[in-house]
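Q: Please take a close look at one buried part of this protein and explain, step by step, what can be said about it. Please then set that part within the rest of the chain.

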Amino acid sequence: MPHQDQDTSLRHRLGRTLRTPIGVTALTACLLVALVAVFGPVLLGDQAARIDTDAINRGSSAAHLLGTDQLGRDIAARVVVATRLTLRLTLLAAVIGVGGGLLLGVAPAVVGRRLGRLITATVGVLVAFPGLLFLLFLATFFGVGSTGAVFAVGLAMVPPMARLVQNLTASIAGSDYVAAARILGVGRFKLVVRHLLPNIAEPSVLFATQAAGGILVAFSGLSFLGLGVQPPEYDWGRLLNEQLNRIYVNPVAALAPGAAVVLTGLMFGLVGEVLAQAGGRRAPQAREATPQQVKPQDETAPEGDGGALVRARDLRVTFPGGRRAVRGISLSIGVGEAVGLVGESGSGKSLTALALADLVPHPGRVCAGTLRFDGHDLRADPRLGTELAMVFQDPMASLNPALRVGRQLAEVAEVHLGATRAQATARAVDRLDAVRIPLPERRARQRPHEYSGGMRQRAVIAMGLMGEPKLIVADEPTTALDVAVQQQVLDLLAEVREDSGAALLLISHDLAVVAQVCERVLVMYGGLIVEDLPVAQLVGGAAHPYTRALVGAVPTMATDTGTELATIPGRPPEPGEAGAGCPFAPRCERARKRCHDDAPELAGFGPGRQVACWYPVDAVTAVAPAQATSHGAEATS
């Protein structure tokens, strides 16, 4: 059924495009050139080869439309007959150029880093080399003749094609769905065929068809110079060379081969435009998974790690150049607990979640004294896709636009649960229904662009539910959604937690969302957790000055219209800017000398609370402005 749906969709788009003026023109030109190439040598081959010494070098006439050559052969017949050889050699060179360009273009995304850099640098050098000189060098290297010309022209096309594919692949290779495919264990070949090539197909096909016109011109040029097709064979370039010395006597005979080259080159360009408009983005089907039964999930609660489902100690995420994005945090999440992780952009929230899911992008490095999930070491045994679900903030980047939504969901069950294709497809439909997507069977056959923003977010949540998750990590799941859809997504997460008993780590900068969904809040700043408190104490009970400033910056329905909202001066520190003291000290009105010299540790501050501050608000109830901004001496509480 999916094969039939894809074929129908492709035929529909292509048929609609062919009914446009550009489509009709391209189709007519292709049919005309194909008919000439197929039947021309059959019908006019003898006439093109017949030597007539009584009709040498004659001009245009009824018997000879374009005149005759120096042996009395009909030039019009020879132009028609040369169409087959010219197109055959052009297409052979295009296959070499496109194939080589695709191989070199996608190679840096799948091979090792050093080899990838070498390939990229080599392509860059070849692209920088003048194309005409490179072509002439290759033609000299491979020798005179049609075979050498095919390889010369084809290989000359490889560098520009490879550069285009490299640029397109680089933009796709960093997408979340490609990272997820790597985590799923998708092989290199399948990664290229299934995830990379379908998403660069449209611009690649357009470039290839337009480049075919350039190949035609280049090949004809080599034949014109005597480096391509050799007698007794002939193509349009060789015919142009033979008649060039008669351009002032019989200009039609000299210009006819050139006009054939130009018009056929325009035809290739039109074909590329038609294919681009038709959106040639059909994704190949995945292989059938090995038939196995779906593995049952362990529904028992974890017994180790002090009853915590997730426990991380001294978690660090670093990047080259000494940039520490996450600077040694410790956290725990209990079974079925909903924990919010809040903070400004750049505070390290998302990287903390990615570290738990083993998705930190290269060249980031994750180090931790302890990093355990449900009694397992996450570094040795990642649980993404089975017991750990990740919901990203941009569902359009998390879903492969070239694949149907149901196919993407089913892949999780096939890879992680050992399900057959039919079982995985049925579970995908069931999960779409579970997240309240109407008509799930029909929606499963649609692609992401056919979903609304809220439906795409629901589909990403459904993807996380393909297993039996014990922890759902939701990274800004309501970003860019309107208020009504935000509420629907939050209600859905609450329903999922209630039905499955899963814990939730909700990353957000919206304190209202966190207060509505979560039971406990972790506040991050500068790559550190600065406060851990119950959500009931978030408003009015926060101890860290940063947390209180975040709360004060959010208006409520009870906020007086004349009340000035709190602001935080300055900006957050960059990952490499953290000094020896408290990272919030440069922006804190309560900071003192000790805050700038020593970094406070996250320590207990009452039942179920922790704070990393030398002078939390409950300990210092009032500080004079002069004292609060003084860095020369410490004040007493």
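A: A residue is called buried when its relative accessible area is under 20%, exposed when that area is over 50%, and partly exposed in between. By this rule Q457 is buried, because its relative accessible area is 1%. The model under discussion is predicted, and the description below should be read with that in mind.

Q457 belongs to helix 16. Leaving aside residues up to four places away in sequence, Q457 touches V391, F392, Q393 and P395, and also P477, L481 and V489. Its partners therefore include residues with lower numbers, such as V391, and residues with higher numbers, such as V489.

Helix 16, which covers residues 453-464, is also one of the elements against which the buried residues of helix 13 pack. The other elements in that packing are helix 8 (188-224), helix 12 (395-398), helix 14 (421-434) and helix 15 (440-444). Helix 13 is mostly covered, with eleven of its twelve residues buried. The buried residues are V405, G406, R407, Q408, L409, A410, E411, V412, A413, E414 and H416. In an α-helix there are 3.6 residues a turn, so residues three or four places apart point the same way.

The length of helix 13 can be checked by a simple calculation. At 1.5 Å a residue, the twelve residues from 405 to 416 should span 16 Å, and the end C-alpha atoms are 18 Å apart, which agrees. After helix 13 comes G418, whose phi is positive, near 70 degrees.

Positive phi values also occur elsewhere in the chain. Most residues other than glycine have a negative phi, and most peptide bonds are trans. D374 is not a glycine, yet its phi is near 55 degrees. This residue lies in the loop between strand 5 (370-373) and strand 6 (376-377). D374 counts as buried because its relative accessibility is 11%. D314, likewise not a glycine, has a positive phi of about 55 degrees. D314 is placed in strand 1, residues 308-319, and is partly exposed, with a relative accessible area of 31%. As for peptide bonds, the one from P231 to P232 is cis, with omega near 10 degrees. P232 lies in the loop between helix 8 and helix 9 (236-243).

A second helix allows a similar check of length. Helix 6 has 28 residues, 146-173, and at 1.5 Å a residue these should span 40 Å; the end C-alpha atoms are 39 Å apart, so the two values agree. Helix 6 nevertheless bends by about 30 degrees at V158, and the proline P159 follows within four residues.

An unreviewed UniProt entry annotates residues 21-44, 89-111, 118-144, 205-227 and 247-272 as "transmembrane region". Two of these stretches may be compared with the model. Residues 89-111 are 96% helix and 0% strand, with end C-alpha atoms 32 Å apart. Residues 247-272 are 85% helix and 0% strand, and there the end C-alpha atoms are 33 Å apart. L27, in helix 2 (residues 21-49), is partly exposed, with a relative accessible area of 38%. The C-alpha atoms of L27 and M267 are separated by 9.0 Å, although these residues are 240 residues apart along the chain.

The cysteines deserve a brief word. A disulfide is a covalent bond between the sulfur atoms of two cysteines. The structure holds zero disulfides. C613 is in none, and the nearest cysteine sulfur, that of C595, is 6.2 Å away. At 18% relative accessibility C613 counts as buried, whereas C367 is partly exposed at 34%.

Finally, the whole protein provides the setting for Q457. The protein contains 22 helices and 13 strands, and 48% of its 637 residues count as buried. Among contacts with a separation of 6 or more, 69% join residues 24 or more positions apart. The accessible surface comes to about 29,900 Å², and 60% of this belongs to carbon and sulfur atoms.

Conventions. Residues are numbered from 1 along each chain as its sequence is written. This is a predicted model: local features need pLDDT of at least 70, side-chain atom pairs count only at pLDDT 80 or more; totals for chains, interfaces and linings use all residues. Side-chain values use heavy atoms; hydrogens and water are left out. UniProt positions are given in the numbering used here, feature names are shortened, and annotations may be inferred rather than shown by experiment. Helices (H or I, at least four residues) and strands (E, at least two) are DSSP runs, numbered from the N terminus. The expected span of a helix is 1.5 Å times one less than its number of residues. The bend at a residue is the angle between axes fitted to the seven residues ending there and the seven starting there. Buried means under 20% relative accessible area, exposed over 50%, partly exposed in between (1.4 Å probe, protein chains only). Contact means heavy atoms within 4.5 Å. Accessible areas come from the Shrake-Rupley method with a 1.4 Å probe; for residues, only the protein chains shown count as cover. A disulfide is a pair of cysteine sulfur atoms within 2.5 Å.
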